Amino acid sequence: MDYRVIKENDLFLLTDPAGNINENHQYGLGLYMKDTRFLSKFRLKINGTDPVLLSSSAEENLLATILLTNPHMEKEGELSLWRESIEIERKRFIYGGVFYEKIKLKSYFPKKIAFTLSIQADVDFNDMFIVRGFQTGNVGKRTGEIKGESSLTYTYKGADDIKRATRISWDKEASYVDEQGEVMFSFELNHQEEEEITLMVQPQMGEGINENILSADEALSLLTQSYKKWEKSSTKVTTDHPTMQRLITRGLNDLRVLLTDVGFGAFPVAGLPWFGVPFGRDSLIAALQMLAFNPEVAKGTLRTMAAYQGTANDPWRDEQPGKIMHEIRYGELANTNQIPFTPYYGTVDATPLFLILLTEYVKWTGDLEFVQEMHMTIDRALIWINDYGDRDGDLFLEYHQESSKGIANQGWKDSGDSVVHRTGEYAKTPIALVEVQGYVYQAKMGIASLYDQLNKTDEANNLREEAEQLRKEFNEAFWMDDVSFYAIALDEHKHQVGTITSNPGHALLAEIMDEEKLNKVAERLISEPMFSGYGIRTMAEGEAGYNPMSYHDGSIWPHDNSLIVLGLSKANKQTEANKVIKGLVDAAEHFEYDRLPELFCGYSSKLDKPVKYPVACSPQAWAAGTPLAFVQAMLRLFPDSTAGTIQINPVLIDDMNELSVENLVIGSGKLSLTVKKEESETIIYVKENTTKYELLSQCKVRNYVG
């Protein structure tokens with residue numbers, strides 16, 4: 001990464017590797033909260049000169065550490081500071097809505113030495129959409145600067161009438177403070193002597209500044225405790241496969257970074273740096289990937305989405321009653337209705353995905369009380385699917401952009417060129433996507449199973465009838481006999497969009513495919529045009545729209561692969577699933593911090609390493625959730641509280657011989673077990689099972705003896 005990013009709740013900091021925020025940087029560096037930039041400049045200098053970067057690490061999720069030193073400094077032949085005399089360590093973290101930076105200075109010069117350290121700061125209070133160059137508009141203005149004894153405050157009055165402020169404070173007496181944003185400190189250090197200074201930056205919206213913020217040590221202690229609590233509350237996985245182990249650990253830690261609570265419980269935002277907000281599709285899928293590790297996140301995600309469920313017909317926001325949102329923004333442009341993200345509803349798949357996550361959450365936890373809590377949201381979502389999502393009554397969900405500033409393609413492949421005919425012509429809306437029909441089928445069948453438990457027999461039977469009708473129409477309308485694969489979509493004229501893509505792979509998990517067709521889909525997904533060796537491409541090599549460097553037309557998305565892998569596993573296609581898992585694990589070894597990116601280019605593994613996509617988000621929620629989904633897929637673990645059973649039939653990847661999981665939350669209890677390959681068979685050793693569910697497996701199951 002050419003940037004460093006840290007986040008806690010809804011505040012995040014984006015800097016260059018040296019820890020600086022430089023003005024007019026191509027990445028839009030800054031300190032952001034609620035889609036507003038509360039620091040647009042933050043540069044550290046020693047004796048008025050940029051330090052030399054020694055090391056910069058973002059490996060630790062809760063804080064970033066940067067090590068610098070001074071360059072050689074002479075003026076008119078007189079030495080002012082010998083090179084590498086001062087070690088400068090910057091440690092930064094965020095807690096309680098405050099960005100803390102602890103700067104430790106240590107002298108290695110043999111004599112007492114004097115120097116200055118300064119911070120140059122500024123704030124533009126720009127809306128994120130303006131920073132990224134997506135939008136211009138009517139905005140407010142800076143209203144002044146306030147210089148205190150140990151603080152500097154910038155104020156702003158927005159076009160939305162919201163007052164915003166940034167307060168920068170410090171715990172050492174400054175030798176000079178300029179209202180334009182320079183704060184200077186003087187130091188005198190002997191050999192091996194150290195001194196530390198703490199800077200605190202506090203964004204504020206509304207009236208007043210909270211003067212009673214925590215000390216840096218208190219804040220860091222509480223932040224560390226919250227990470228330990230997260231680790232303790234999540235399923236622990238250990239394996240003898242080093243790369244997979246690092247991927248799992250990194251994924252779980254990244255998801256902790258991305259957790260945010262806007263008042264309805266913790267949920268994962270989509271990704272950093274630009275998508276640190278509630279996202280319908282992304283947050284729902286990431287929570288789905290996490291069910292085996294922390295099902296409580298699903299509850300927070302579902303409550304958040306339910307709180308913003310559509311209530312009106314509003315073409316400006318592509319909103320309809322019952323629809324689950326695509327994305328919400330909190331900045332000045334959104335608040336003044338200059339952009340439709342308040343929230344914006346231009347997504348065709350978030351509504352069925354909401355119902356799928358709810359169903360799967362209950363299958364894992366047995367929490368039928370939560371179904372009762374969500375019953376009105378469920379009813380409205382089902383009405384939207386039937387009355388609004390199906391625009392022409394043919395049983396298929398279609399999308400069409402109504403908003404002048406909305407999104408044209410409204411499935412997960414939402415770039416403008418992602419739905420393309422084999423002729424190279426772009427499909428025109430209304431468009432019915434193949435995977436979305438699978439989502440609807442899975443959603444209706446799942447909700448029907450929950451209604452059975454609640455004695456809503458008529459509603460359950462109606463949903464199954466609707467789902468069965470959809471299944472029949474789906475297999476006729478989307479199947480292409482000439483290539484033995486499903487079309488990515490039906491266009492405005494109900495013509496098949498025949499390009500070979502990864503989209504049909506998502507429908508494997510829904511169990512909507514005829515068995516003969518399923519076998520051909522599985523075979524095609526791991527064929528050479530689709531499988532690069534590092535993962536399944538979004539589009540097959542050789543198609544008219546194929547481009548390995550594109551965002552959606554030949555690249556590889558880990559989350560896309562994870563949903564396909566779960567579907568293959570559920571369909572008893574574990575050989576194919578494990579081939580895909582191994583490809584992505586091999587790719588992960590080439591990425592920084594053992595972190596799967598949002599996406600990477602679709603070039604063949606014959607190049608010996610994956611080719612990075614230049615502007616992929618990192619960390620990104622559903623990429624972080626991918627290795628967690630791999631664990632479930634290798635275990636072939638599918639609990640079902642409605643049946644009181646846990647299906648588990650493990651098939652580990654070739655170079656893994658042991659996999660242990662501890663404290664899997666299922667039902668009202670926990671499951672801990674170890675899977676081992678022993679000679680020619682796989683054996684499950686059960687350490688603990690307090691779930692009260694029956695364990696169903698084709699493998700040998702034994703009690704664990706420690």
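**Reading rings, sheets and helices**

Author: Hello! Let's begin with K172, which lies over the face of F187, 4.7 Å from the ring centre.

Reader: What puts K172 over the face of F187, and how should I treat the model behind it?

Author: A charge sits over a ring when NZ of Lys or CZ of Arg is within 6 Å of the ring centre and within 35 degrees of the ring normal. K34 is placed over the face of Y330 as well, 4.6 Å from the ring centre. As for the model, it is predicted: local features need pLDDT of at least 70, side-chain atom pairs count only at pLDDT 80 or more, and totals for chains, interfaces and linings use all residues. Residues are numbered from 1 along each chain as its sequence is written, and side-chain values use heavy atoms, with hydrogens and water left out.

Reader: How many aromatic pairs are there, and how is the pair of F129 and F341 arranged?

Author: Rings of Phe, Tyr and Trp (its six-membered ring) pair if their centres lie within 6.5 Å; planes under 30 degrees apart are stacked, over 60 edge-to-face, and the rest tilted. The count here is 24 aromatic pairs. F129 and F341 make a tilted one, with 5.4 Å from centre to centre and 45° between the planes. This pair links distant parts of the chain, 212 residues apart: F129 belongs to helix 1 (residues 128-131), while F341 is in the loop between helix 6 (332-335) and helix 7 (350-365). Helices (H or I, at least four residues) and strands (E, at least two) are DSSP runs, numbered from the N terminus.

Reader: Are F129 and F341 buried or exposed?

Author: Buried means under 20% relative accessible area, exposed over 50%, and partly exposed in between (1.4 Å probe, protein chains only). F129 has 11% relative accessibility and therefore counts as buried; F341, at 8%, is buried too. Another pair to look up is W412 with W557, edge-to-face at 5.1 Å centre to centre and 70° between the planes. W412 and W557 are 145 residues apart, and both are buried. Try finding the aromatic cluster as well, formed by F396, F474, F478, W479 and Y486.

Reader: How many disulfides are there?

Author: Look for a pair of cysteine sulfur atoms within 2.5 Å. By that rule there are zero disulfides. For C601, the nearest cysteine sulfur is that of C617, 15 Å away. C601 counts as buried because its relative accessibility is 4%.

Reader: What is the strand order in the open sheet of eight strands?

Author: Strands pair if DSSP finds at least two bridges between them. The order is 6-7-10-11-18-15-14-13, with antiparallel pairing. Strand 6 (52-57) and strand 13 (141-147) are the edges, each pairing on one side only. Within the sheet, strand 15 (residues 163-170) and strand 18 (residues 194-205) are joined by seven bridges, and T166 stands opposite P203 in strand 18.

Reader: How many residues of helix 7 are buried, and what is its span?

Author: The expected span is 1.5 Å times one less than the number of residues. Helix 7 has 16 residues and reaches 22 Å from its first C-alpha to its last, close to the 22 Å expected. Its burial count is 16 of the 16 residues, so helix 7 is largely enclosed by the rest of the structure. Just after helix 7, G366 takes a positive phi of about 70°. For practice, turn to helix 3 (residues 242-258), which reaches 24 Å with 17 residues; 13 of the 17 residues are buried.
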